[in-house]
Amino acid sequence: MSALQKHMYRHMQKRGVLLTDCGATNDSSKSKTGTRLLVNTIMQLRKICNHPFMFPTMEESIARSLGFPNGVISGVQLMRAAGKFELLDRILPKLKATNHKVLIFCQMTNLM
């Protein structure tokens, strides 16, 4: 897991709530700060393990802190936010170079 995923996971395990803003806002207009009570804790932990940006408010707050326009992160930062995608980024080129076939299953269609 990435550092962001570990932080979110531990926070969710301890408190049962998810931070909707990491306090990284420089904008004083209509920021979505505070916490959000999440009903199904196990499902929310699964979402965090898949990718921390499965929660839209988290992506928006991180995008603001990194200076991305429109609150959308793209490129390397999007991939580095989740350990699963970082691993795929490293292993897929090696598998392709050795002519391996790869089949990826995912239960969460929002992630794909």
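Here is a friendly conversation about how the features of this predicted model earn their labels.

User: Before we start, what should I keep in mind about the model and its numbering?

Analyst: This is a predicted model, where local features need pLDDT of at least 70, side-chain atom pairs count only at pLDDT 80 or more, and totals for chains, interfaces and linings use all residues. Residues are numbered from 1 along each chain as its sequence is written, and side-chain values use heavy atoms, with hydrogens and water left out.

User: Thanks! How many helices and strands are there, and what makes a stretch count as one?

Analyst: The chain has 5 helices and 2 strands, in the order α-β-β-α-α-α-α along the sequence. Helices are DSSP runs of H or I with at least four residues, strands are runs of E with at least two, and both are numbered from the N terminus.

User: Why is the contact between Arg90 and Glu86 called a salt bridge?

Analyst: A salt bridge needs a side-chain nitrogen of Lys or Arg within 4 Å of a carboxyl oxygen of Asp or Glu. The side chains of Arg90 and Glu86 meet at 3.0 Å, N to O, so the pair fits that definition. The structure holds 1 salt bridge.

User: Why is the Glu86 and Arg90 pair also a polar contact?

Analyst: A polar contact is a pair of N or O atoms within 3.5 Å; within protein, one must be able to donate a hydrogen and the other to accept it, and residues adjacent in sequence count only if both atoms are side-chain atoms. The side chains of Glu86 and Arg90 are joined at 3.0 Å, so this pair earns that label too.

User: How are Arg90 and Glu86 placed relative to each other in helix α5?

Analyst: They are 4 residues apart in α5 (residues 83–97), which means about one helical turn separates them.

User: What makes Arg90 exposed and Glu86 buried?

Analyst: Buried means under 20% relative accessible area, exposed means over 50%, and partly exposed is in between (1.4 Å probe, protein chains only). Arg90 is at 53%, so it counts as exposed. Glu86 has 19%, so it counts as buried. Across the 112 residues of the chain, 31% count as buried.

User: How do you know that the span of α5 agrees with its number of residues?

Analyst: The expected span is 1.5 Å times one less than the number of residues. For the 15 residues of α5 that gives 21 Å, and the end C-alpha atoms are 22 Å apart, which agrees.

User: Where does α5 bend?

Analyst: At Ile91, by about 30°, with a proline, Pro93, following within four residues. The bend is the angle between axes fitted to the seven residues ending at a residue and the seven starting there.

User: Which residues form the nonpolar surface patch, and what makes it a patch?

Analyst: Leu87, Ile91, Leu92, Val102 and Ile104 form it, with about 400 Å² of accessible area together. Patch members have over 30% relative accessible area and no salt bridge; nonpolar side chains (Val, Leu, Ile, Met, Phe, Trp, Tyr) are joined within 5 Å, like charges within 9 Å. The areas come from the Shrake-Rupley method with a 1.4 Å probe, and for residues only the protein chains shown count as cover. Leu87 is found in helix α5, and its 53% relative accessibility makes it exposed.

User: What is notable about the phi of Asn99?

Analyst: Phi of Asn99 is near 60°, a positive value in a residue other than glycine. Asn99 lies in the segment after α5 and is exposed, with a relative accessible area of 70%.

User: Is Val72 buried, exposed or partly exposed, and why?

Analyst: With a relative accessible area of 47%, Val72 is partly exposed. Val72 lies in the loop between α3 (56–66) and α4 (76–80). Asn70 lies in that loop as well, but its 76% makes Asn70 exposed.

User: What makes Ile62 buried, and how far is it from Val72 in space?

Analyst: Ile62, in helix α3, has a relative accessible area of 15%, so it counts as buried. Ile62 and Val72 are 10 residues apart in sequence and 8.9 Å apart in space, C-alpha to C-alpha.

User: How far apart are Arg46 and Met108 in sequence and in space?

Analyst: They are 62 residues apart in sequence and 9.7 Å apart in space, C-alpha to C-alpha. Arg46 is found in helix α2 (residues 41–50), and at 37% relative accessibility it counts as partly exposed.
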